[in-house]
Amino acid sequence: MRHPTTLSRALASTILGTVIKNNSAETSLPVPERIRPILGVNVLGLPRDIAADYLEGLLHSGRPAKVAFANANLVNLTSKDEQLKTSLRSFIVLNDGVGVNSASRLLHREPFPDNLNGTDFTPYFLDRCRIPLRIFLLGATPSVVVRAKHIFAERWPRHRVVGFHHGFFEPTDEDEVIRHVRAATPDLVFVAMGNGRQERWVERLVPELTTSAWGVGALFDYLTGEQRRAPGIVRSVGLEWAWRLGQEPRRLARRYLVGNPKFLFRVLCEHTYNTLFGRTVKNDLRGENGRK
């Protein structure tokens with residue numbers, strides 16, 4: 001019997017082969033049958049190990065990859081930002097959190113195989129990735145990103161942090177940030193700026209300045225201990241959002257107390273419409289220029 005890791009990498013290679021066959025050099029979208037649309041956002045449904053091996057394969061092959069982690073907040077933002085929604089069509093979007101998982105159960109009659117939130121999936125990917133990577137860290141406060149650089153170096157010595165820049169800069173400083181990234185020639189940029197802004201930066205970086213960029217939210221804050229993760233038991237029952245709300249009520253009250261019900265209401269509306277009219281939820285894999 002083949003080892004599970006071997007099977008995972010074999011399946012990831014099969015998916016990757018289909019990607020290379022069916023897509024141009026500008027983007028690396030997964031095969032359509034593995035996509036689950038959630039309110040217009042095409043979310044990739046893969047187990048954690050296969051998703052990690054798939055993304056490693058893209059890096060190894062030099063295929064551009066823009067990665068986002070779709071939680072309820074990001075999906076809500078796309079309802080008000082058509083440009084963001086269109087941009088995400090050229091991203092590899094992974095599922096993040098109980099909200100999108102509940103949406104998948106309702107709209108597609110099955111949950112996602114794993115919760116691939118960036119805070120947990122990114123360290124897992126770096127542990128698993130066999131090829132040494134040149135990594136650039138972009139985001140968080142000046143002190144946090146410096147501490148994150150040292151943690152990356154200690155925890156993942158196989159990979160090399162070739163540059164970093166905090167996320168608290170003015171629009172007039174953006175050209176300087178671009179110069180920093182270009183000079184570092186990274187393989188992979190982790191962008192930690194929060195939903196919306198980080199995806200716009202990922203879009204800006206790939207493929208001109210790096211092969212791959214991921215929007216990773218509060219990853220640097222969690223790695224450095226700037227923010228505390230919810231206990232494992234809280235995360236396992238899908239209540240990490242409540243933990244975060246308790247830690248930062250002023251900043252997150254609207255996002256969770258207004259945004260979460262709004263997201264679930266929109267999902268219920270789509271489910272009801274689909275049920276009444278026999279509509280099938282279809283994905284839309286068109287890029288920015290409308291190509292299939």
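**Exercise 1.** Describe how helix α12 passes helix α13 in this predicted model, and state which residues make the contact.

*Solution.* Begin with the handedness: α12 passes α13 in a left-handed crossing. Next come the two quantities by which packed helices are described, the angle between their axes and the distance between the axes. For α12 (residues 240-247) and α13 (residues 249-277), the packing angle is about 145°, and the axes lie 7 Å apart. Then list the participants: α12 contributes W241, R244, L245, G246 and Q247, while α13 contributes P249, R251, L252, A253, R255, Y256, L257 and N260. Sorted by class, the contact of α12 with α13 comprises 7 nonpolar, 3 polar and 3 charged residues.

**Exercise 2.** Determine which residues of helix α5 are buried, and against which elements they pack.

*Solution.* Taking under 20% relative accessible area as the criterion, one finds that G99, V100, N101, A103, S104, L107 and H108 are buried in α5, which spans residues 98-108. The partners of these buried residues are then β1 (35-38), β3 (65-70), α3 (72-80), β4 (92-95) and α13. Finally, look just past the helix, where R109 adopts a positive phi of about 65°.

**Exercise 3.** Place these helices in the context of the protein by giving its secondary structure, burial, contacts and exposed area.

*Solution.* The secondary structure amounts to 13 helices and 8 strands, and 51% of the 292 residues count as buried. Among contacts with a separation of 6 or more, 75% are accounted for by residues 24 or more positions apart. The protein exposes about 14,200 Å², of which carbon and sulfur atoms supply 53%.

Note on methods:
Residues numbered from 1 in each chain as written. Predicted model: local features only at pLDDT ≥ 70, side-chain atom pairs only at ≥ 80, totals over all residues. Heavy atoms only, no water. Axes fitted to C-alpha atoms, helices over the stretch in contact; angles between N-to-C directions. Helix = DSSP H or I, 4+ residues; strand = E, 2+ residues; numbered from the N terminus. Left-handed = near helix turned anticlockwise from the far one by under 90°. Contact = heavy atoms within 4.5 Å. Nonpolar A, V, L, I, M, F, W, Y, C, P; charged D, E, K, R; others polar. Buried < 20%, exposed > 50% of the residue type's maximum accessible area, 1.4 Å probe, protein only. Areas by Shrake-Rupley, 256 points an atom, 1.4 Å probe, with all protein chains shown as cover.
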